[in-house]
Amino acid sequence: TVGGYYSILGGLVSGQCKFQMTIGEQCKIEGGSAVSGIKILAETSPAANEKNVNVFSAPQSAFNIPITKIFELIDIDDQKKSFRAALDYFKASDAGQDIPGKLTWNANKDVVVFESFEILPPKKLIKLSVKVHFEELVAGKWQTVVVNNKPIAEAIETSFETGEAPDYIPESNVLYSYPALNQFNFHQQESPNGYLQLRQGQTYLFPPSTEWKQVGRFQHEGQKHEFDFKYNTGDRRITFNIPSTLVNNNVYSFQLLNVPIAENAKIDANVKNVSQGGADSKITTKDIEGSLSLLNEKALFASNIKTSSFSTFNAKLNALQCGPGWIWDIMTGVNELGTNMTTTEYFDLHELQGSENSKPLIQYEAIPDNKWYTKEIFPLLYKEYPLAGSHYITWRNTDELGIQPTKAIYIRQNPNNKILSSEDVANNGINPLATYAAFIYNLSYITYKDYSELRQKAATAVANGNKSTSLSDLITSYYPILSSGKYKFKVRYVLPGSTQITSEKELMITKP
């Protein structure tokens, strides 16, 4: 179709026109599908024939269109049809044997990563295979798209060569641990059990041996506190009992070690006495058998921690003092409620922020028994949630704070990212963490944001004809101001990577 505008006789006559024309010979598609020729696979990593690939690498595949996402096209029969791309497999193999692992997707489902349970086999040629195909929705069921009796599919096979495996556990392969890595406030009696959770297994580091024994050690200025540890291959987890002999407020090196067995450490272990002569006289000489191997301690893992001034977290909570409650106006009618605390020891990064793979050690939960929440906020926003059965909170992740945001409490401290540094190790951890901290009760701000979103959605629904009483009541309501009274909450200590609560204490802020 060709379109254009025209103007003639100095603009006396003007307008627009369009007409159809054909150039060349018309081509008509016979058979085929609307998805024929659409390339799904984009790239895989590591690159084909790449050498010395890190054994901790996670093979990756990228796709031009999201996998399993439904899209519509006009097929060759001029009918609108629904299609999607599907993954047959994405796997890595060594000498024909599939490597055990799992697939992890990005949010858009167009990138997938293969995470092997164990590190990739070292010094091996690893084959990477991926296959995808198209599916069409036919009579309510997904069926493979077939053209000329062949499914529309793509496959890639590449290979790469891995490098050496390390003879230790890198910190990057530790998902989380207890004690936490470089933890500044380790409460030594908070739990009798310690652990390291590995991202990928390194079973080869823990073989039975007649030359070595494997022990763990906390050490401070020559004082050694040793313990046994176990490695579970299936869980990829190292467990041990924390020694009860540690001293508070000390910096310790924390190590998992291969230690030579005593007999193998003797410098004359391969020297034997050889006697020659008769009954009346004999000569004894020395004979060296084979070569002598002098074995030294070898660290499988090493980090540093500082013990807290308090043996347990509850002891620390019992020692701090909270001042009177105060409020700060975030906006008109929306208040932040807080209380300043005085303590001899503040909080570190693992307690306040956690790590990439573990939530903060300190967690909070409001006790919603005050008049403001039970009589005003809860009936208004959460009693009939989702409103009218279909209106949800979307501005925040409700899994983090809860649909009822009872976890909207935190400790404000500056700085809030303290870990044990090399300078702290040199100074035995005497550097202070902070000089100010406060408990912040933030439910007013979060519930106001919930109120604003749900009220807007209620107004839209009512304008579209929904006559729900709860929606109408929300539209005509005012946001309830935080009233005077006592606001209780719980403070908990939760071990890394778990839901195990080891300490808990109820605190309270009184709003003037």
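**Exercise 1. Classify the exposure of N249 and describe its backbone.**

Solution. N249 has a relative accessible area of 38%, and therefore counts as partly exposed, since that class lies between the cut-offs of 20% and 50%. The model is a predicted one, and in it N249 sits in the loop between β20 (237-241) and β21 (251-260). Turning to the backbone, the phi of N249 is positive, at about 60°, although N249 is not a glycine.

**Exercise 2. Carry out the analysis of Exercise 1 for N182: is this residue buried or exposed, and in which loop does N182 lie?**

Solution. Begin with the location, which is the loop between β15 (174-178) and β16 (193-198). Next, take the relative accessible area of N182, which is 17%; because buried means under 20%, N182 is buried. Finally, the phi of N182 is near 55°, which is a positive value in a residue other than glycine.

**Exercise 3. Work out the strand order of the open sheet of 3 strands, and name its edge strands.**

Solution. The strands of this open sheet follow the order β28-β31-β32, and their pairing is antiparallel. The edge strands, each of which pairs on one side only, are β28 (362-367) and β32 (501-511). On average, and with direction ignored, neighbouring strands of the sheet are turned by 25° against each other. As a further step, consider β31 (residues 485-494), which runs antiparallel to β32 and is joined to it by 10 bridges. At the level of single residues, R492 has E504 in β32 as its bridge partner.

**Exercise 4. Locate the cis peptide bonds that precede P46 and P386, and place each proline in its loop.**

Solution. Start with the bond that joins S45 and P46, which is cis with an omega of about 0°; P46 itself belongs to the loop between β3 and β4 (60-63). Then examine the peptide bond from Y385 to P386, which is also cis, with omega near -5°. The loop that holds P386 runs between α4 (371-382) and α5 (398-401).

**Exercise 5. Identify the residues of the nonpolar surface patch of about 420 Å², and classify M21 by its exposure.**

Solution. The patch is made by V2, F19, M21 and I23. Of these residues, M21 lies in the loop between β2 (13-19) and β3 (41-45). The relative accessibility of M21 is 46%, so M21 counts as partly exposed.

**Exercise 6. Describe the surroundings of two strand residues, E136 and A155, leaving out contacts with residues up to four places away in sequence.**

Solution. Take E136 to begin with, which is part of strand β10 (residues 125-138). Its relative accessible area is 15%, and E136 is therefore buried. The residues that E136 touches are K81, S82 and F83, together with K141, W142, Q143 and V145.

Now turn to A155, whose place is in strand β14 (residues 153-161). With a relative accessible area of 52%, A155 is exposed, because exposed means over 50%. The contacts of A155 are with L41, V130 and K131. As a last step, compare sequence and space for the pair A155 and G96: they are 59 residues apart in sequence, and their C-alpha atoms lie 17 Å apart.

Terms used: Residues numbered from 1 in each chain as written. Predicted model: local features only at pLDDT ≥ 70, side-chain atom pairs only at ≥ 80, totals over all residues. Heavy atoms only, no water. Pairing = 2+ DSSP bridges. Helix = DSSP H or I, 4+ residues; strand = E, 2+ residues; numbered from the N terminus. Axes fitted to C-alpha atoms, helices over the stretch in contact; angles between N-to-C directions. Patch = residues over 30% accessible without salt bridge, like charges linked within 9 Å, V, L, I, M, F, W, Y side chains within 5 Å. Areas by Shrake-Rupley, 256 points an atom, 1.4 Å probe, with all protein chains shown as cover. Salt bridge = Lys/Arg side-chain N within 4 Å of Asp/Glu carboxyl O. Buried < 20%, exposed > 50% of the residue type's maximum accessible area, 1.4 Å probe, protein only. Contact = heavy atoms within 4.5 Å.
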